[in-house]
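Here is a colleague's note on the model below, set out as numbered points. Please read it with the sequence and the structure open beside it.

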Amino acid sequence: MTEWTDPDTFARALEQAETREKGNCFEDFEEGDVIEHDPGLTLTRFGNEQWMSQTLNHDPAYWRTDAAEARGFDEPPIHPDYLTAATLGITVEDLSEKGGYFLGRTDVRFPGTPVYAGAELHVESEVVNCAISSSRPEYGIVSWRTRGTDAETGEVLCSYERTNMIPRREPVATDGSGSAAAAEESEDDGPDLPEEFVAPEGDYFEDFVEALEEADDENAAVAYRHERGRTQDDVTVASLPLATLNTAKQHHNVDVMSDSPSGDIVTYGDVTRSTALGHARSDEETWREVGFDNESFHTFVAVGDTVYAFTRVLEAEDTASSDEAGTVQFEHIAFNQDDEPVYSGTRTAEIRKRSG
Ligand SMILES: C/C(=C\C(=O)SCCNC(=O)CCNC(=O)[C@H](O)C(C)(C)COP(=O)(O)OP(=O)(O)OC[C@H]1O[C@@H](n2cnc3c(N)ncnc32)[C@H](O)[C@@H]1OP(=O)(O)O)C(=O)O
């Protein structure tokens, strides 16, 4: 056999060799295409606990049998954040491994919850929109509707619509209108803030209702920050996404990412989001998660960055799936150590009543 491992010979061999590429470019997607994702994932208690512990989600119903039963579950269920992250992780190989960034997601719902450990996820996606990026000629913007089902029963456990920037094989000419509009907008100081911010006095549904009533009489909003922060490390940036079979190079290939817009590996959007939600949930008595909308990822989070959270309470309604809870709509904003927003989204959750 030829000695190809001689360094000079091997360097020439690498130059001569074709790379067997992974992933799809923008041009490979067409509206209406349905993609069945090959990887499957059994949702385990270990996977759930690893995700929830590293993102500071310590709601006892997901950890202790007695607390789970008191909340109407048979046993500690799989948390909707981990379910969402796993449903998305499985899709990356087909949808976004080529590169480009996770920009946002909406209509995140859990029709089949509660989900218990042992359920095997089967995931498929439909291409719902392919658009040119008016500001970045080397990328297109693709949206998919994804459904994660129980492989045994076919029941839909998690569904959402997600949007990524996806690299084009060939850059196209753009009119630059996106960048121009963004530049114009950045000259604007943005909307005025209310004079006063009200924080709820406690963690129960009634506390959110009272705070909203107080703010209603004034030029005020119910908005507050959470104390906890989570600095990103190898576990959150590389291990958690890989544990969901997310093969995006953004999270684990420092070599490739050193020559990218972020210049480094970045935190999986679902880790950033789940961490911020964990901070928010530490200041409320969550009963059930209902859904998430208008999620956006504004800038990169990298190893060494710290994820904090800010919450604005939008609405409260005295109806829920149980008499023991009411429904609250929140806007959550994750921000970094420089106070820059990195994620925002609205969340509808049922919050336990003190009187329940
Ligand atoms: C999963 C997974 C990967 C990840 O988890 S990556 C980590 C999470 N995502 C991020 O960290 C990305 C954070 N975002 C950014 O750093 C910037 O947004 C970015 C990607 C550098 C782009 O910034 P720009 O300032 O250049 O551009 P714009 O913010 O104006 O956006 C570019 C175009 O995209 C359109 N767009 C933005 N957000 C959305 C959205 N939520 N839905 C639909 N479209 C959106 C925006 O309108 C711009 O369009 P133009 O036509 O004007 O170009 C994985 O790999 O799957």
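1. Is Asp-293 buried or exposed? In this predicted model, Asp-293 has a relative accessible area of 16%, and because the cut-off for buried is under 20%, Asp-293 counts as buried. Its salt-bridge partner is Arg-109, the two side chains meeting at 2.8 Å from N to O. The pair links distant parts of the chain, since Arg-109 belongs to strand S3 (residues 102-109) and Asp-293 to strand S10, 184 residues apart. Arg-109, with a relative accessible area of 28%, is partly exposed, so this salt bridge joins a partly exposed residue to a buried one.

2. Strand S10, which spans residues 286-297, runs antiparallel to strand S13 and is joined to it by 8 bridges. One of the positions to look at is Arg-288, whose bridge partner in S13 is Glu-350. Strand S13 also pairs with strand S12 (residues 325-335), again in the antiparallel sense, over 11 bridges. Here Ala-334 has Tyr-343 of S13 as its bridge partner.

3. The hairpin formed by S12 and S13 has 5 residues between the strands, and within this hairpin Asp-339 takes a positive phi near 65 degrees. As for strand S13 itself, which covers residues 341-352, 10 of its 12 residues are buried, so the strand is largely enclosed by the rest of the structure.

4. Which residue of strand S13 deserves a separate comment? I would choose Arg-347, which has its place in that strand and is buried, with a relative accessible area of 0%. Its side chain meets that of Glu-284 in a salt bridge of 2.6 Å, taken from N to O. Because Arg-347 lies in S13 while Glu-284 lies in the loop between helix H9 (269-281) and S10, the pair ties together parts that are 63 residues apart in sequence. Glu-284 is buried, as Arg-347 is, and the side chain of Arg-347 is also joined to that of Glu-289 by a polar contact of 2.8 Å.

5. The surroundings of Arg-347 should be read as part of a network of salt bridges, which links Arg-347 with Asp-81, Arg-105, Asp-270, Arg-273, Arg-281, Glu-284, Glu-289 and Glu-295. Over the whole structure, the search finds 24 salt bridges. Another salt bridge is made by the side chains of Asp-233 and Arg-230, at 3.1 Å from N to O; Asp-233 is partly exposed, with a relative accessible area of 27%, whereas Arg-230 is buried, with a value of 13%.

6. What is the make-up, by class, of the lining of the second largest pocket? The lining has 10 nonpolar and 5 charged residues, with no polar ones. This pocket has a volume of about 470 Å³, and of the 15 residues that line it, Leu-193, Phe-197, Phe-310, Arg-312 and Ile-333 lie nearest its centre. Strands S8 (220-225), S11 (306-317) and S12 each supply at least two residues of the lining, and S8 gives the most, with 3 residues. Strand S12 therefore appears twice in this note, as a contributor to the pocket lining and as a strand that pairs with S13.

Key:
Residues are numbered from 1 along each chain as its sequence is written. This is a predicted model: local features need pLDDT of at least 70, side-chain atom pairs count only at pLDDT 80 or more; totals for chains, interfaces and linings use all residues. Side-chain values use heavy atoms; hydrogens and water are left out. Buried means under 20% relative accessible area, exposed over 50%, partly exposed in between (1.4 Å probe, protein chains only). Helices (H or I, at least four residues) and strands (E, at least two) are DSSP runs, numbered from the N terminus. Two strands pair if DSSP finds at least two bridges between them. On a 1 Å grid over the protein atoms alone, a cavity is a set of points where a 1.4 Å probe fits but cannot get out, and a pocket is an open set with protein on both sides within 12 Å along at least five of seven lines; lining residues have an atom within 4 Å of a point. Grid points are joined across faces, edges and corners, and a volume is the space filled by probe spheres set on the points. Ala, Val, Leu, Ile, Met, Phe, Trp, Tyr, Cys and Pro count as nonpolar, Asp, Glu, Lys and Arg as charged, and the others, Gly among them, as polar. A salt bridge is a side-chain nitrogen of Lys or Arg within 4 Å of a carboxyl oxygen of Asp or Glu. A polar contact is a pair of N or O atoms within 3.5 Å; within protein, one must be able to donate a hydrogen and the other to accept it, and residues adjacent in sequence count only if both atoms are side-chain atoms.
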